[in-house]
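Here's a small set of exercises to work through with the model open in your viewer. Try each task before reading its solution.

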Amino acid sequence: MEPYGSPKWPDHDPPRPSYLPHTPRPPEPPPVRPPIKHSSIAAILFLFGVLGLVCAGAYFSGELQHLLYGSSATQSQAPRPGLVPFGQRQDPIPGLEEADAPLGTPGPLGRTSSSYKFLAVKEDGTPLAYSPCRPIHYVVNSDLAPPSWQPLVEEAVRQASEATGLKFIYDGPSSEVPSPTRPGYQPERYGDRWAPVLIAWSTPEQVPRLTGQTVGLGGSSSIGLSNGYKAYVTGTVSLDAPQFAEIVDAPSGEEIGVAVIMHELGHLLGLDHVDDPRQLMFDQASWVRGFAAGDRTGLAQLGTGPCSKDF
Ligand SMILES: [Zn+2]
């Protein structure tokens, strides 16, 4: 499938300046920290779009993008992004809100299951994930949402947070409409930080991939640094407003609505579909209403990725 969005950012790679010691004493070389090539965020921001819970047989999986580095990064003499004044940068000051340790831990697994799949796996075999050391901020465009949207989102986010240990912070409403080319850094709209996750009720006119029986899409954009670090930085959940309204109007509809949002949050956090109807990440409508053993086993790994203050 096509990536949900592949913003093209200009290369402006900033090698970290090296500092001379104050004294001429040479013996102990300072701890070597490889320069972090930050700019290649350009070449590496991808958004994985995935089909929603009601897929009508069609199957799309997140397509792993292998090109995670900008090749011209080492040529640039531009200063590090954090040293460029606000308003002239292509990405935010690194390390915002990044703690020294994960902010939480995944909830206990009743039992483990191998019935899960990641959208992207790194060279070391671990899944591409958000940093667990900073909160995931999110905003909601509820212009087209049913009146009961807020407790549904809160419950879905609560369960995603419990399963991963990741902390979510609701930043309030947004008028932003999902776009396949959504920039990961929108300082005019959101300030000097990575754009928050956007949860938006949309129409198939706004989001063509919601056309048909697809009720939702979810995916995230990632960065890759020259030291090998990779992580998601932001993402989008798009919900088909007319279909979602029908769902929540039906018996047990709000419970299903929560499950739909949870399924898309599963994609957002890095889970792919599985061919197992007992899991919420099954690619078709099913009776599953919550994260099952496989979903939770995968989400627990997605909540324990590496931290970094370099992005
Ligand atoms: Zn899906």
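By the salt-bridge criterion, this predicted model has nine salt bridges. Let's start with those.

**Exercise 1. Find the salt bridge between E123 and K230, and work out which parts of the chain the pair ties together.**

Step 1: look at the contact. The side chains of E123 and K230 form a salt bridge, with 2.5 Å from N to O.

Step 2: place the two partners. E123 sits in the loop between helix 1 (41-44) and strand 1 (136-141), while K230 is in strand 5, so the salt bridge ties together parts 107 residues apart in sequence.

Step 3: check the surroundings. E123 has a relative accessibility of 66%, so it counts as exposed. K230 has 3%, so this residue counts as buried.

**Exercise 2. For the salt bridges R182 with E176 and D276 with R278, decide whether each partner is buried or exposed.**

Step 1: recall the cut-offs, since the reasoning needs them: under 20% relative accessible area is buried, over 50% is exposed.

Step 2: take R182 and E176. Their closest N and O atoms are 2.7 Å apart. R182 comes out at 5% relative accessible area, so it's buried. E176 also has a value of 5% and counts as buried.

Step 3: take D276 and R278. Here the closest N and O atoms are 3.0 Å apart. D276, at 7%, counts as buried, but R278, at 59%, counts as exposed.

**Exercise 3. Which residues of helix 4 are buried, and where do they lie around the axis?**

Step 1: list them. Helix 4 spans residues 241-249, and its buried residues are A241, Q243, F244, I247 and V248.

Step 2: look down the axis. These residues cover an arc of only 160°, which puts them on the same side of helix 4. The general rule behind this: an α-helix has 3.6 residues a turn, so residues three or four places apart point the same way.

Step 3: turn to the other face. Away from the buried side, helix 4 carries the exposed residues E246 and D249.

Step 4: ask what does the covering. The cover over the buried residues of helix 4 includes helix 2 (149-164), strand 3 (197-202), strand 5 (230-240) and helix 5 (253-269).

Step 5: inspect the start of helix 4. There, a side-chain oxygen of D240 comes to within 3.1 Å of the backbone nitrogen of Q243.

**Exercise 4. Describe how strand 1 is enclosed and which strands it pairs with.**

Step 1: count. Six of the six residues of strand 1 are buried, so the strand is largely enclosed by the rest of the structure.

Step 2: split by face. In a regular strand, side chains alternate between the two faces of the sheet. On one side of strand 1 you'll find I136, Y138 and V140, on the other H137, V139 and N141, and all of them are buried.

Step 3: find the neighbours. Strand 1 pairs with strand 2 in the parallel sense over four bridges, and I136 stands opposite F168 in strand 2. Strand 1 also pairs in the parallel sense with strand 3, over four bridges, where N141 stands opposite A200.

Step 4: follow the connection. Strand 1, helix 2 and strand 2 form a right-handed β-α-β unit.

**Exercise 5. Where is G184, and how far is its C-alpha from that of S222?**

Step 1: G184 is in the loop between strand 2 (168-173) and helix 3 (187-190).

Step 2: G184 is buried, at 2% relative accessible area.

Step 3: G184 and S222 are 38 residues apart in sequence, and their C-alpha atoms are 9.0 Å apart in space.

How values were computed
Residues are numbered from 1 along each chain as its sequence is written. This is a predicted model: local features need pLDDT of at least 70, side-chain atom pairs count only at pLDDT 80 or more; totals for chains, interfaces and linings use all residues. Side-chain values use heavy atoms; hydrogens and water are left out. Buried means under 20% relative accessible area, exposed over 50%, partly exposed in between (1.4 Å probe, protein chains only). Helices (H or I, at least four residues) and strands (E, at least two) are DSSP runs, numbered from the N terminus. The arc is that of the directions from the helix axis to the C-beta atoms. Contact means heavy atoms within 4.5 Å. A polar contact is a pair of N or O atoms within 3.5 Å; within protein, one must be able to donate a hydrogen and the other to accept it, and residues adjacent in sequence count only if both atoms are side-chain atoms. A salt bridge is a side-chain nitrogen of Lys or Arg within 4 Å of a carboxyl oxygen of Asp or Glu. Two strands pair if DSSP finds at least two bridges between them. A crossover is right-handed if, with the strands pointing away from the viewer, the path from the first strand over the helix to the second runs clockwise.
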